[in-house]
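Hi there,

Here is the structure I promised to pass along. Please open it beside this email, and my notes on what turned up will follow below.

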Amino acid sequence: MNIELKKTNQDDYKNIYDFMKPIWYNTYSFLNTGQVDYLLDKYFNIDNLYEYVKKGLIYEDIILNNELIGYLGFYIYKDHLFLDKAYLKLEYQNKGLSKQIFSHLKESNLPIRLCVNQNNKQAISSYFKNGFTIIEEQVNVLEHGYINLDYILEKR
């Protein structure tokens, strides 16, 4: 299975929220529904999404056999690439596609960094298999009393 990655068309930004919703409810089942709803709105509400893009977030479609199966979102900084979003439809997870995604990101020739929730064991395992290591722990206090406990990972 070979994936194709291409820059997301801005006209398609309005579809990202609905695409991500079932993925996030499954991925973040260890969080309460209110926190997942808050984070979905924070990251994928169309107005908020455009603000992130203005600040440099690059969205790419992940395509397999002409089907949109996921999204990739990242920032390119002077000294590293920050992977902000990497999500696949549920039926395409655990199929080894992450190796292709990371290979694509390594084309930048920059270290890759990302944040992952400490309770997201499946993602953490995948990142470790792809050569990432924990470089920091982070506590993010969010609105409405929500807290994210994250690891910052890096692959050089």
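**Aromatic rings**

A count over the structure gives 17 aromatic pairs. One of them joins Y13 and Y59 in a tilted arrangement, with 6.2 Å from centre to centre and 55 degrees between the planes. This pair links distant parts of the chain: Y13 belongs to the loop between β1 (4-7) and α1 (16-27), while Y59 is in strand β2, and 46 residues separate them. Y13 is buried at 2% relative accessibility, and Y59 is buried as well, at 1%. Before you read distances like these too literally, please keep in mind that this is a predicted model.

There is also an aromatic cluster for you to look at, made up of W24, Y28, F30, Y43, F44, Y52 and Y87. One of its members, Y43, has a charge over its ring: the charged end of K85 sits there, 3.7 Å from the ring centre. K85 will come back below, among the salt bridges.

**The strands around β3**

If you colour the strands, try starting from β3. This strand covers residues 67-76, and 7 of its 10 residues are buried, so the rest of the structure largely encloses it.

Which strands does β3 pair with? One partner is β2 (residues 58-64), which runs antiparallel to β3 with 7 bridges between them. Another is strand β4 (residues 81-88), again antiparallel and joined to β3 by 7 bridges.

Some individual residues help to find your way around here. Y59, the residue from the tilted ring pair, has G73 of β3 as its bridge partner. On the other side, Y71 stands opposite Y87 in β4, and Y87 is one of the residues of the aromatic cluster.

The turns are worth a look too. The hairpin of β2 and β3 has 2 residues between the strands, and N65 in that hairpin takes a positive phi near 50 degrees. In the hairpin of β3 and β4, 4 residues lie between the strands.

**Salt bridges**

As you know, side chains of opposite charge can pair when their charged atoms come close. How many salt bridges does a search of the whole structure find? The search gives 5, and I will go through some of them.

E51 and K54 form one, with their closest N and O atoms 3.2 Å apart. The two residues are 3 apart in helix α3 (residues 46-54), which means that about one helical turn separates them. E51 is partly exposed at 37% relative accessibility, whereas K54 is exposed at 66%.

D84 and K85 form another, and here the closest N and O atoms are 2.8 Å apart. D84 is partly exposed, with a relative accessible area of 25%, but K85 is buried, with 4%. This is the K85 whose charged end sits over the ring of Y43.

A third example is R113 with E154, whose side chains meet at 2.6 Å, N to O. R113 lies in strand β5 and E154 in strand β7 (residues 147-155), so this pair ties together parts that are 41 residues apart in sequence. R113 counts as partly exposed at 22% relative accessibility, while E154 is buried at 8%. Through shared partners, salt bridges join R113, E154 and R156 into one network.

**Two glutamines**

Finally, here are notes on Q118 and Q122.

Is Q118 buried or exposed? Q118 is buried, because its relative accessible area of 16% falls under the 20% cut-off. Its place is the loop between β5 (112-117) and α5 (121-129). Beyond the residues up to four places away in sequence, Q118 touches I124, E137, L149, D150 and Y151.

Q122 is in helix α5 and is partly exposed, with a relative accessible area of 43%. Leaving out neighbours within four places in sequence, Q122 is in contact with Q93 and N94. As a marker of distance, Q122 and H80 are 42 residues apart in sequence and 24 Å apart in space, C-alpha to C-alpha.

Happy to talk any of this through once you have had a look.

Best wishes

How values were computed: Residues numbered from 1 in each chain as written. Predicted model: local features only at pLDDT ≥ 70, side-chain atom pairs only at ≥ 80, totals over all residues. Heavy atoms only, no water. Buried < 20%, exposed > 50% of the residue type's maximum accessible area, 1.4 Å probe, protein only. Contact = heavy atoms within 4.5 Å. Pairing = 2+ DSSP bridges. Phe/Tyr/Trp six-rings, centres within 6.5 Å; stacked < 30°, edge-to-face > 60°. Lys NZ or Arg CZ within 6 Å of the ring centre and 35° of its normal. Salt bridge = Lys/Arg side-chain N within 4 Å of Asp/Glu carboxyl O.
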